[in-house]
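Reader: Before I set up any calculations, I would like to go through this structure with you, beginning with how far the coordinates can be trusted and then moving to individual elements. Could we take it one question at a time?

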Amino acid sequence: MNLTIKDQTFQLHPLGGLFWQEKSLLLISDVHLGKVSHFRKFGAAVPRKAVHKNFVLLDMLVSNFQPFQICFLGDLFHSSLNKEWELFENWVAKTPSEIILVAGNHDIIAPEKFQQLDIPIFPELVIDDFLLTHHPEEREDHFTFCGHIHPAVKLQGFGRQRLRLPCFFKSKNQMILPAFGQFTGTHALNPSKDDEVYAIVEDTVVKI
Amino acid sequence: MEGKHGLLNAPTGSGKTYALWFPIVLNYIKNNPDYRSTHKKGLKAVWITPLRALSQEIKQSAERITQDLGTQMTVGIRTGDTSTKERAKQRTTMPDLLITTPESLHLLLSSKGYAKLFKDCTAIVVDEWHELLGSKRGVQMELGLSRLKTVCTDLRIWGISATIGNLEQAREVLLGPATPQLENSVLVKANLNKKITVKSIIPKTMEKFPWRGHLGLHLLEDVVPIINNSRTTLLFTNTRSQCEIWFQKILEKHPEYAGEMAMHHGSINKETRLWVEQAIRNESLRAVVCTSSLDLGVDFAPVETVVQIGGPKGVARFLQRAGRSGHRPGKESVIYFLPTHAMELIEASAMQKAVLHHAVEDRIPYLNSFDVLLQYLTTLAVSDGFYPEEIFPEIKQTFCFQALSEDQWQWLLNFLVMGSQSLKSYDEYKKVDVEEDGKFKVNNRAVAMRHRFQIGTIVGDATISVRYQKGGYIGSIEEYFISKLSPGDVFTFAGRNLEFIRIKGMSAHVRNSSKRTSKVPSWMGGRLSFSAKMSELLRQELYTAELPKAKQSIEIQSLAPMFAKQREESIVPQPHQFLIETFKTSDGYHHIFYPFEGRAIHEGMSSLLAYRISLLTPITCSLAFNDYGFELLSDKPIDIQAILDNNLFTADYMLSDLQKSLNSNEMARRKFRDIAVISGMVFTGYPEKGVKMKHLQSSSELLFDVFKDFEDDNLLYQQAFTETFEHQLEEGRLRLALERIAQQEIVWKQCSRPTPFSFPIITDRLREKLSNEKLADCIKRMTAILNK
């Protein structure tokens, strides 16, 4: 699914990534790496194999777009440092794209650790007329890409059918990305008339 | 007791508390002849009660005995309500007789040096064993007893149970199959011929009586003379919200009761509840609207009459409630049945037969509850640690784990230590350590503390305490309800109108309001299902609809207008008939099936049928069910003829079809929620600490999916399915029901509008969903829920 915003082209991917074609920039939000390990460290036996799933999906997304840059829109790591960081180091080493991080509320790992991997950290980023942040924010003359919310949409149909799907949530000057992380929840939003909702339906993105 | 173990079958109010306290105290006197002058300190007996509300009462009767016999024995209570100061005091000097709950007993097992504490304990009494038996608290009790049998040098185990269908089994579960304790035990039945009179409240005009509903307020005025003619009346409701509404409505219509009426349910604060209980004893109340919170124990002599509002769904429960009145040996019990909708009158009539024949249900004990076992093993690891070779034989003695294999045992131990079945270098899983001599021990203080907070097998939704802004605790409410309120909204709780101000930490701040409101918190109580016996009786009653009037009960007679309406477009089925109705409304196409087998069976059957239909044709439908039948609601008509032609009600391949049906997946998902919490995989947070623990909280929903994708051989994941089939869907009964249907003639009625029978089902909002269409196809027909 392609979208044009301010004459720029953006591609929405069903895994939850958004690709800015002109800049060859891949935006990914709320991966929450390390969450599974964090739980395990505290005695909650979440299946260990789930750790690898995030990396597998990241690889799929990167090989699909082969971006020049990857920008994580916050909450890259769920919590304090744990051994999943080593897996992340490996992933960074074998990924050819440049990686940058816009910090989110969960990102409490020391910035030096990221610097060692040549990953710069920004509180926010402005590229042309576009603002990249973690928390939703409307700013004059800018279009915002952000995360944090883990948006989902509720649908209903004849015969009292109901459905809940993760989505890209676009209002007039802002697009909230769905959470990429596998082991994360969603928060249902109520769209109003001016909002556009792009739901992730299995392996496609569908405009509702 | 005569040195024996056993089970005492006695109804409430028969002096059972004395019957067991007495021998315990006498035993002490016998072994300590100079008991009047010297007092040997230390724990001598434990009394387990499922409800902490009962502990005061039990304490008083124990104290009466110890004092009357001139001993210096002390009696203490240890439950969730006991203050930390009191607990610390108990740790240095235990009372001689301790009254506690299964959870608090396990908390004692999680404290260091517990073995010494229990060494001289000579008796354990498990009160209201029937309440614990069919739940995981029963398993918890079995495990606790298995340890105490070893730790206490000379122990007697006694249970007290109301009448249930499987009393013999209840004794076996309590003492352990093939144990010396069971060998040396007795089953004592207190034979009190208590007379119970059941009276139905029959609406004066059937025409205006609703076909559906669950409140029963139509008959409010009929309750007033009952209250007036009796010293004290208890009005039992099935849910807490129903309780709130009835309380409010009675006061609204009859302000003269103000000050003479009270409300009692589990979410109201303890002080208020205790006050209400005391007031009942003092005869200062005319009426109390209550829920199952007043089902058990506690002698309320002044209660003369009981009113049951809405179907109680179980004979045992109905008898128990009836027994709350005339609560003295030999006195007659009177209970009124107030139906909330027309179909419930059939239930009222069936209930009378059930009471007459004493057709009481079985309580089915759990098997292989690995979640409870993991919790128990962690408990032992937290206190003094355990050696597997010592604990395994003890666990094998219990009823629940009699079939536990060596492989499963090894799996559980691995899971405790590694959180999986193999070791990986990057893994930092931390819970139980294995020490050099092979002892399993928790050495991390934080792990131990989190575990202590999690002990228990009752999993509820997150609750939030409701407080006045200036302080003052009113009670607790499900977070789900509060999350739907905005500041300024007014809701009814604990009989007051409260305005919601804000959420702070884990409490909701409110102030009194004079505004009227219709918002009443709904608590997600489990919906109960009819037992096999009750369903059978219900069908028998229904079949009498075709008999001459003289042979019918008054309830059935009064339903004549409804039966007439039902016959306009459909039929009232007879024993050889199986009724199917189809019609269309603005909601969609309704397909309704009437097996009259009870809610649980209908849940399984609807899921099974929907799955089988989906094999014939792509379909999306929602399922609803009650005790009479079930509905498949779809956005297009389902071909009933195809269902019949393809013999979709067959009992062949039932289990494999059920397993494949998407819906059993959903049910297992809900079961898994509890399993994840009980086994310690999901941490629900410290009370009051709330947000700070967010990093460790996750929904078990997510966890279920992760297990499905990555570890579907996990014993806990599989347990969710076993529980679904055995306890929820009652696989065995479902098969019998299908075989019965196979013998029946199928009557398919295509109606132009909903029939009286269908009404309670189609208006049910709690629905299951099933779909095998491609998601994208479904979505084309759906629209987003827009802001109003």
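Reader: What is the mean pLDDT of chain B, and over which residues is the pLDDT below 50?

Author: This is a predicted model, and for chain B the mean pLDDT is 85, with 89% of the residues reaching 70 or more. There is nevertheless a stretch of chain B where the pLDDT is below 50, and beyond near neighbours in sequence this stretch has nine contacts in the model. The mean asked for is 85, and the stretch is residues 689–695.

Reader: Which ipTM and pTM does the model score?

Author: These two scores belong to the model, whereas the pLDDT values above were those of chain B. The pTM is 0.83 and the ipTM is 0.82.

Reader: Into which domains is chain B divided, and how far apart do the C-alpha centres of domain 1 and domain 2 lie?

Author: The division of chain B gives domain 1 (5–189), domain 2 (196–357), domain 3 (463–512) and domain 4, which is written as two segments, 535–652 + 736–773. Between the C-alpha centres of domain 1 and domain 2 of chain B the distance is 32 Å.

Reader: Among contacts in chain B between residues at least 6 apart in sequence, what percentage join residues at least 24 apart?

Author: Chain B comes to 31 helices and 27 strands, and 44% of its 788 residues count as buried. Taking the contacts between residues at least 6 apart in sequence, the share that joins residues at least 24 apart is 75%.

Reader: Which strands pair with strand S5 of chain B, and are the residues on its two faces buried or exposed?

Author: Strand S2 (residues 45–48) pairs with S5(B) in the parallel sense over four bridges, with Val46(B) opposite Ile124(B). Strand S6 (residues 156–161) also runs parallel to S5(B) and is joined to it by four bridges, with Gly159(B) opposite Val126(B). Ala123(B) and Val125(B) lie on one side of S5(B), Ile124(B) and Val126(B) on the other, and all of them are buried. The partners are therefore S2(B) and S6(B), and the state of both faces is buried.

Reader: Why do the buried residues of helix H20 of chain B line one face of the helix, and which helices do they pack against?

Author: The buried residues of H20(B), which covers residues 532–543, are Met534(B), Ser535(B), Leu537(B), Leu538(B), Glu541(B) and Leu542(B). Seen down the helix axis, these residues fall within an arc of 165°, so they line one face. An α-helix has 3.6 residues a turn, so residues three or four places apart point the same way. The helices that the buried residues of H20(B) pack against are H13 (315–322), H14 (343–357) and H21 (554–558) of chain B.

Reader: How many residues of helix H15 of chain B are buried, and what span should the helix have at 1.5 Å a residue?

Author: H15(B) is mostly covered, as 13 of its 13 residues are buried. The end C-alpha atoms of this helix, residues 370–382, are 18 Å apart, which agrees with the expected span of 18 Å.

Reader: Which residue in the loop between H14 and H15 of chain B has a positive phi although it is not a glycine?

Author: Most residues other than glycine have a negative phi. In that loop, however, a residue with 21 other C-beta atoms within 10 Å is buried and has a positive phi of about 50°. The residue is Asn368(B).

Reader: Which residues does Leu738(B) touch, not counting residues up to four places away in sequence?

Author: Leu738(B) lies in helix H29 (residues 731–743) of chain B, and with 21 other C-beta atoms within 10 Å this leucine is buried, the cut-off being 20 or more. Not counting residues up to four places away in sequence, the residues touched are Phe649(B), Thr650(B), Ala651(B) and Met654(B).

Reader: Which strands of the open sheet in chain A stand at the edges?

Author: The seven strands of this sheet follow the order S1-S2-S3-S4-S5-S6-S7, with mixed pairing. Each edge strand has a single partner strand, so one side of each is left without a neighbour in the sheet, and these strands are S1 (2–5) and S7 (121–122) of chain A.

Definitions and conventions:
Residues numbered from 1 in each chain as written. Chains lettered and ligands numbered in written order. Predicted model: local features only at pLDDT ≥ 70, side-chain atom pairs only at ≥ 80, totals over all residues. Domains from an automatic or database assignment. Pairing = 2+ DSSP bridges. Expected span 1.5 Å × (residues − 1). Buried ≥ 20, exposed ≤ 12 C-beta atoms within 10 Å, placed from the backbone. Arc of directions from axis to C-beta. Contact = placed C-beta atoms within 7 Å. pLDDT = per-residue confidence, 0-100.
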